[in-house]
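Please load the model in your viewer, switch to a cartoon representation, and keep a selection box at hand. The stops below are meant to be followed in order.

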Amino acid sequence: MNHFEIKIPAKTEEIFRVTDEIEEIMGAQEFPPGAIREISAAVKEVLTNIVRHGYKGRPGEIGIRCTATPAKVTVEIADSAPAYNPLQAPGPDTTGGIGIAFIRQAADIVTYQHKNHRNILTLVRVKRNGEPDPASGLKKE
């Protein structure tokens with residue numbers, strides 16, 4: 001399996017359905033466990049922020065599309081909450097901003113667009129040659 005597309009209600013209890021799928025797809029493409037954990041955590045952060053700050057507890061839907069190859073994984077997250085570009089948020093400080101800093105660290109490319117009344121955030125993680133596998137302590141050749 002190297003692709004999935006799902007729509008979930010904007011509820012925090014639905015987030016693990018998405019992260020479980022992402023972990024399975026990345027594992028099938030032999031991404032190191034550390035990379036899988038980072039992207040999974042970044043997606044969880046994005047989805048949690050959409051539920052809490054975008055929809056603010058109101059009903060809504062979040063669409064997620066994930067495609068993985070042996071070279072990279074791309075996760076596109078779309079919602080209809082009010083327009084908000086997290087990439088323009090101020091950096092980490094005492095009032096927040098830590099989440100987007102973490103997301104930028106986990107993904108190699110992060111883009112945002114507002115299209116057809118939808119926020120679309122795309123995360124791309126490239127599998128790096130020789131990326132260490134934290135589970136084994138060895139570099140993958």
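Which strands does helix 2 lie across, and at about what angle does helix 2 run to strand 3? Select residues 33-54 to find out: in this predicted model, helix 2 lies across strand 2, strand 3 and strand 5, and the angle that helix 2 makes with strand 3 is about 5 degrees.

Zoom out for a moment to place that view in the whole chain. The protein chain contains three helices and seven strands, and along the sequence these follow the pattern β-α-α-β-β-α-β-β-β-β. Of the 141 residues, 40% count as buried, and among contacts between residues at least 6 apart in sequence, 61% join residues at least 24 apart.

**The sheet**

Next, colour the strands by their number. An open sheet is formed by five strands in the order 1-2-3-5-4, with antiparallel pairing; at its edges are strand 1 (3-9) and strand 4 (109-115), each of which pairs on one side only. On average, neighbouring strands of this sheet are turned by 15 degrees against each other, direction ignored.

Within the sheet, select residues 72-79 together with residues 118-126, which are strand 3 and strand 5, paired in the antiparallel sense over eight bridges. As a landmark for this pairing, pick Glu76, whose bridge partner in strand 5 is Thr122.

**Helix 1**

Move now to residues 15-28, where helix 1 packs on the sheet and touches strand 1, strand 2 (61-68) and strand 3, its direction making about 170 degrees with that of strand 1. A distance label between the end C-alpha atoms of helix 1 should read 20 Å, which agrees with the span expected for its 14 residues at 1.5 Å a residue.

Show side chains for Ile15, Val18, Thr19, Ile22, Ile25 and Met26, the buried residues of helix 1. If you look down the axis of helix 1, these buried residues fall within an arc of 125 degrees, so they line one face of the helix. They pack against strand 1, helix 2, strand 2 and strand 3. Just past the helix, stop at Glu30, which follows helix 1 and has a positive phi, near 60 degrees.

**The nonpolar core**

In soluble globular proteins, nonpolar side chains tend to be buried together. To see the case at hand, select Val18, Ile22, Val43, Ile62, Ile64, Val75 and Ile77, the residues with the most contacts inside the largest nonpolar core, which has 36 residues. Elements giving two or more residues to this core include strand 1, helix 1, strand 4 and helix 3 (98-106), while the largest share, nine residues, comes from helix 2.

Centre the view on Ile77 and display its surroundings: leaving aside residues up to four places away in sequence, Ile77 touches Val43, Val46, Leu47, Ile50, Ile62, Gly63, Ile64, Asn119, Ile120 and Leu121.

**Helix 3**

For the last stop, select helix 3 and show Gly99, Ile100, Ile103 and Ala106, which are buried. Seen down the axis of helix 3, its buried residues fall within an arc of 120 degrees, so they line one face of the helix. What covers the buried residues of helix 3 includes helix 2, strand 4 and strand 5. Rotate to the face of helix 3 turned away from this buried side, and you will find the exposed residues Ile98 and Gln105.

Terms used:
Residues are numbered from 1 along each chain as its sequence is written. This is a predicted model: local features need pLDDT of at least 70, side-chain atom pairs count only at pLDDT 80 or more; totals for chains, interfaces and linings use all residues. Side-chain values use heavy atoms; hydrogens and water are left out. Two strands pair if DSSP finds at least two bridges between them. Helices (H or I, at least four residues) and strands (E, at least two) are DSSP runs, numbered from the N terminus. Axes are lines fitted to C-alpha atoms, for helices over the stretch in contact, and angles run from 0 to 180 degrees between N-to-C directions. Contact means heavy atoms within 4.5 Å. The expected span of a helix is 1.5 Å times one less than its number of residues. Buried means under 20% relative accessible area, exposed over 50%, partly exposed in between (1.4 Å probe, protein chains only). The arc is that of the directions from the helix axis to the C-beta atoms. A nonpolar core is a set of buried Ala, Val, Leu, Ile, Met, Phe, Trp, Tyr and Cys residues joined through side-chain atoms within 4.5 Å.
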